[in-house]
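Subject: Structure for you to look through

Dear colleague,

I am passing on a structure that I would like you to read alongside the notes in this message. Please open it first, and then follow the points below one at a time.

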Amino acid sequence: MSLHDLLAKPYYTWRRYLPSRVLYHPDFFRVCELLKQDKAAIAAHANERLRHILVHALEHVPFYQRSVKLSMAEAANEPLHEVLAAFPYLSKEEVMSQQRDFLDRRLDPDKLMYATSGGSSGQGIGLWRTKRLADIEKAFFTHEWGKLGFSFDKSRILRIGADARRLAHEEPAREVGNRLMLSPYHVHEQHKAAIVEAINRFRPDYVHAYPSSATALSELLQAGELDVQVKAVLLASEPATPGQLAAIRRLFRAPVSLNYGLSERTNLAFLKVDDSGTSDYQFDTLYGWNENRMDGDRPEIVGTSLWNDVMPLIRYRTNDYGLIDVDGRCAGIDGRGHEYLVDRSGKRIPGLSIVIDEVTWDFVRLYQVRQSKAGAITLAVVPRHGSLNDEQKAFVLDAQLRRWGGFFDISLQEEHDIPLAPNGKRKLVVSALDA
């Protein structure tokens with residue numbers, strides 16, 4: 001057992017009783033106060049933060065000192081948009097190929113926190129950060145989810161994520177302070193009784209989960225089986241389809257907040273689903289500087305963290321796509337680059353557009369869209385009970401052929417399960433083609 005695991009239980013047990021000032025860096029509270037200001041004031045602070053990061057990067061970060069042809073005086077005084085435009089776009093590959101050159105040269109990496117992520121693409125990245133940066137990140141979530149009454153420290157939370165994973169022989173759920181940790185690997189029929197008993201006993205106020213894990217739970221349980229009413233479902237770390245969001249709403253009968261973000265922490269946006277419908281994504285303009293870069297006819301999301309002065313990523317290409325307007329609204333994030341499918345004519349179609357009909361959930365527990373050849377896709381499905389009969393197979397396949405038969409050859413494949421990846425997530429789109 002790691003030191004982190006040994007310390008986690010007492011920390012989460014006692015943190016609800018500790019004053020917030022003991023738990024968080026002073027900049028956590030500073031950011032919380034900034035977020036309460038009006039739109040004009042926040043815009044002014046965002047401009048100030050962007051100027052600070054650009055000047056800081058030129059002064060202390062080797063990569064930018066080498067690649068940006070600006071003097072310190074120009075960076076500090078020239079029009080902000082011109083200074084930003086002098087910085088090159090960054091890709092994940094470029095950052096990882098010269099990782100140390102993106103770190104503030106005055107800092108010792110051995111004294112920093114280091115986190116790695118395989119990302120939803122499986123392509124890894126590693127970043128150095130400090131507790132200050134982690135606390136600033138939490139301030140933005142505290143502000144947004146606080147609108148729903150949520151508190152990381154005080155609320156009773158059902159958590160389904162990588163940090164809740166357990167070994168196969170262990171029980172699916174355990175209580176750690178104000179959190180009920182439900183292993184995403186264990187959301188399965190064989191553990192159903194234990195899961196229902198644990199949730200009903202713990203009585204969470206909120207669900208905090210990966211979309212795929214919350215969907216799996218909604219496919220396992222009926223609403224009447226839970227003797228609790230949560231206030232909201234808070235989703236992060238993955239995209240979610242309309243079908244997944246509808247399934248989660250059916251189980252929990254509560255508002256859903258879906259977060260768009262990434263391990264590189266350059267952009268942050270929230271979408272809300274409630275009785276009035278589904279909102280646009282709203283990008284937080286104080287968290288990161290949001291741009292679009294046209295990749296052919298697709299608007300790629302590009303971000304610059306306004307707070308990361310440890311390992312600043314400036315004009316970072318996220319490989320995600322969605323048009324952001326001047327107010328930070330985005331109607332939809334179509335999918336990450338590797339989640340696109342290639343049709344018969346070579347056009348790229350968001351894989352998350354391939355969704356199954358609501359009635360299909362009566363006999364299908366999980367599905368996944370797979371592509372290994374341009375112009376052809378396979379819909380892998382896991383039956384809810386036993387195997388699909390001929391009528392059910394025809395229903396699923398015919399519905400997709402009506403929608404997408406002009407774009408793809410479509411086949412259906414039954415599976416016993418669609419396993420989670422090592423990070424505890426389940427991919428909805430798997431493509432063997434180049435992104």
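To begin with a small exercise, in which strand is Asn319 found? Asn319 is found in strand 14, and please keep in mind, here and throughout, that you are looking at a predicted model. The phi angle of Asn319 is near 65 degrees, which is a positive value in a residue other than glycine. Asn319 has a relative accessible area of 29%, so that it counts as partly exposed, between the limits of 20% and 50%.

A positive phi also turns up at Arg315, where the angle is near 60 degrees and the residue is, again, other than glycine. Arg315 has its place in the loop between strand 13 (298–305) and strand 14 (316–321). With a relative accessibility of 9%, Arg315 counts as buried, because the limit for that word is under 20%.

Next come the aromatic rings, for which the count comes to 19 pairs. One of the pairs is formed by Tyr114 and Trp128, whose ring centres are 5.1 Å apart and whose planes stand at 50 degrees, so the pair is described as tilted. Since Tyr114 lies in strand 1 (residues 113–117) and Trp128 in strand 2 (residues 125–129), the pair ties together parts that are 14 residues apart in sequence. As for how far each residue is covered, Tyr114 is partly exposed at 40% relative accessibility, whereas Trp128 is buried at 9%.

Trp404 and Phe408 form an aromatic pair that is tilted as well, with 6.4 Å from centre to centre and 55 degrees between the planes. Here Trp404 counts as buried at 14% relative accessibility, and Phe408 counts as buried at 1%.

You will also find a cluster of rings, in which ring pairs link Phe141, Trp145, Phe150, Phe152, Tyr206 and Phe270. Rings meet charges too: the charged end of Arg156 sits over the ring of Phe202, at 4.1 Å from the ring centre, and the charged end of Arg159 sits over the ring of Tyr210, at 5.9 Å from the centre of that ring.

Let me turn to the open and closed spaces, starting with a pocket. The second largest pocket holds about 700 Å³ of space, and of the 24 residues that line this pocket, Gln282, Phe283, Asp284, Thr285 and Asp327 are the closest to its centre. Two or more residues of this lining come from each of helix 4 (39–60), helix 9 (131–146), strand 11 (281–283) and strand 12 (288–295). Which helix gives the most to the lining of the second largest pocket? That is helix 4, with five residues. When the lining residues of the second largest pocket are divided by class, eleven are nonpolar, seven are polar and six are charged.

As for enclosed spaces, the count comes to three cavities of 30 Å³ or more. The largest cavity has a volume of about 180 Å³, and among the 15 residues that line it, the closest to its centre are Arg129, Glu137, Arg265, Ser305 and Asn308. Strand 2 and helix 9 are the elements that give two or more residues to the lining of the largest cavity, and helix 9 gives the most, with four residues. By class, the lining of the largest cavity is made up of eight nonpolar, three polar and four charged residues.

Finally, I would ask you to look at Leu388, which is found in the loop between strand 20 (376–383) and helix 13 (390–404). Is Leu388 buried or exposed? Leu388 is buried, because its relative accessible area of 7% falls under the limit of 20%. If residues up to four places away in sequence are not counted, Leu388 touches Phe363, Val364, Val381, Pro383, Lys393 and Glu414. Of these contacts, Glu414 is a good one to trace on screen, since Leu388 and Glu414 are 26 residues apart in sequence and yet 8.0 Å apart in space, taken from C-alpha to C-alpha.

With kind regards

Definitions and conventions
Residues are numbered from 1 along each chain as its sequence is written. This is a predicted model: local features need pLDDT of at least 70, side-chain atom pairs count only at pLDDT 80 or more; totals for chains, interfaces and linings use all residues. Side-chain values use heavy atoms; hydrogens and water are left out. Rings of Phe, Tyr and Trp (its six-membered ring) pair if their centres lie within 6.5 Å; planes under 30 degrees apart count as stacked, over 60 as edge-to-face and the rest as tilted. Buried means under 20% relative accessible area, exposed over 50%, partly exposed in between (1.4 Å probe, protein chains only). A charge sits over a ring if NZ of Lys or CZ of Arg is within 6 Å of the ring centre and within 35 degrees of the ring normal. On a 1 Å grid over the protein atoms alone, a cavity is a set of points where a 1.4 Å probe fits but cannot get out, and a pocket is an open set with protein on both sides within 12 Å along at least five of seven lines; lining residues have an atom within 4 Å of a point. Grid points are joined across faces, edges and corners, and a volume is the space filled by probe spheres set on the points. Ala, Val, Leu, Ile, Met, Phe, Trp, Tyr, Cys and Pro count as nonpolar, Asp, Glu, Lys and Arg as charged, and the others, Gly among them, as polar. Contact means heavy atoms within 4.5 Å.
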